[in-house]
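Follow one helix and then the strands that come after it. The account below goes through them in sequence order.

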Amino acid sequence: MKLHGFNNLTKSLSFNMYDICYTKSASEREAYIAYIDEVYNADRLTGILQNVADMIGAHILNVAKQDYVPQGASVTMLISESPIEVPKEEPPVPQAVVCALDKSHITVHTYPEYHPNDGISTFRADIDVATCGEISPLKALDYLIRSFETDIMIIDYRVRGFTRDISGKKLFIDHDITSIQNYIPDDIRKQYDMIDVNVYQEHIFHTKCKLREFDLDSYLFELSKDQLSKEEVDDITQKLRIEMDEIFYGKNMTLPN
């Protein structure tokens, strides 16, 4: 496909993940938040975004990053499709992360939080990769999924704008896609229940994923199933499943009596 000038299509990938945990006491909830802030601090997130830029063939122009108080972190990168000369002396980078690209960017924001009463804690990370030109953010989707412990994934992909071929005809998309699932490896797809909502004529693709297997020990923080009574196991399991369903379906659900 020969184009008239630059490829002006904008391709945007939004990756929203949730990790869910049961924290029995207030001290465990605080410890969980501290653990998340340490494991997914601004420096670690910067490394993940740098790998994303490498995978999609982008060149990083600028990075801004920040660790927040009391919790959470952000990174933003500006990127370009081809190298751009930058001054040798650059201003110091603050303790937050933002990566900027020429006409493109990559961002990540984290949101650890917990329920005030029921012992449920969640960690959410929002990652956005927006590219302009021929580079595609979908190349990094597999890596992003494997970079986080993910119970729920909500993924959006959209192609916006248009470019022209040499005859002047508008092209509103430059690649074939029927579902985001096409870009998720088989071994990962087998682990999740998935729902698609796609608007093909608008080049909008939406996929939600919920982990199928449920091992309670994987959701207990500083605790094991052997330390709990059968009633506690059943109660905690129910709370965790409801939390996952509420996030997956986007609505509150009432615990049965």
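A polar contact here is a pair of N or O atoms within 3.5 Å; within protein, one must be able to donate a hydrogen and the other to accept it, and residues adjacent in sequence count only if both atoms are side-chain atoms. The model is predicted, so local features need pLDDT of at least 70 and side-chain atom pairs pLDDT 80 or more, while totals for chains, interfaces and linings use all residues. Residues are numbered from 1 along each chain as its sequence is written, and side-chain values use heavy atoms, without hydrogens and water. Helices (H or I, at least four residues) and strands (E, at least two) are DSSP runs, numbered from the N terminus.

At the N-terminal end of H2, Asn41 acts as a cap: a side-chain oxygen lies 3.1 Å from the backbone nitrogen of Asp43. The buried residues of H2 (under 20% relative accessible area, 1.4 Å probe, protein chains only) are Ala42, Leu45, Thr46, Ile48, Leu49, Val52, Ala53 and Ile56. They lie on the same side of H2, because they cover an arc of only 160 degrees around the axis, taken from the directions from the helix axis to the C-beta atoms. On the other side of H2, Asp43 and Asp54 are exposed, that is, over 50%. After H2 comes Gly57, with a positive phi near 75 degrees.

Strands pair if DSSP finds at least two bridges between them. E2 (residues 59-67) and E3 run antiparallel, joined by eight bridges, and Asp67 stands opposite Ala73 in E3. Their hairpin has five residues between the strands, and Gly72 takes a positive phi near 100 degrees. In E3 (residues 73-80), seven of the eight residues are buried. E3 also pairs with E5 (residues 104-114), antiparallel over five bridges, with Leu78 opposite His105 in E5.
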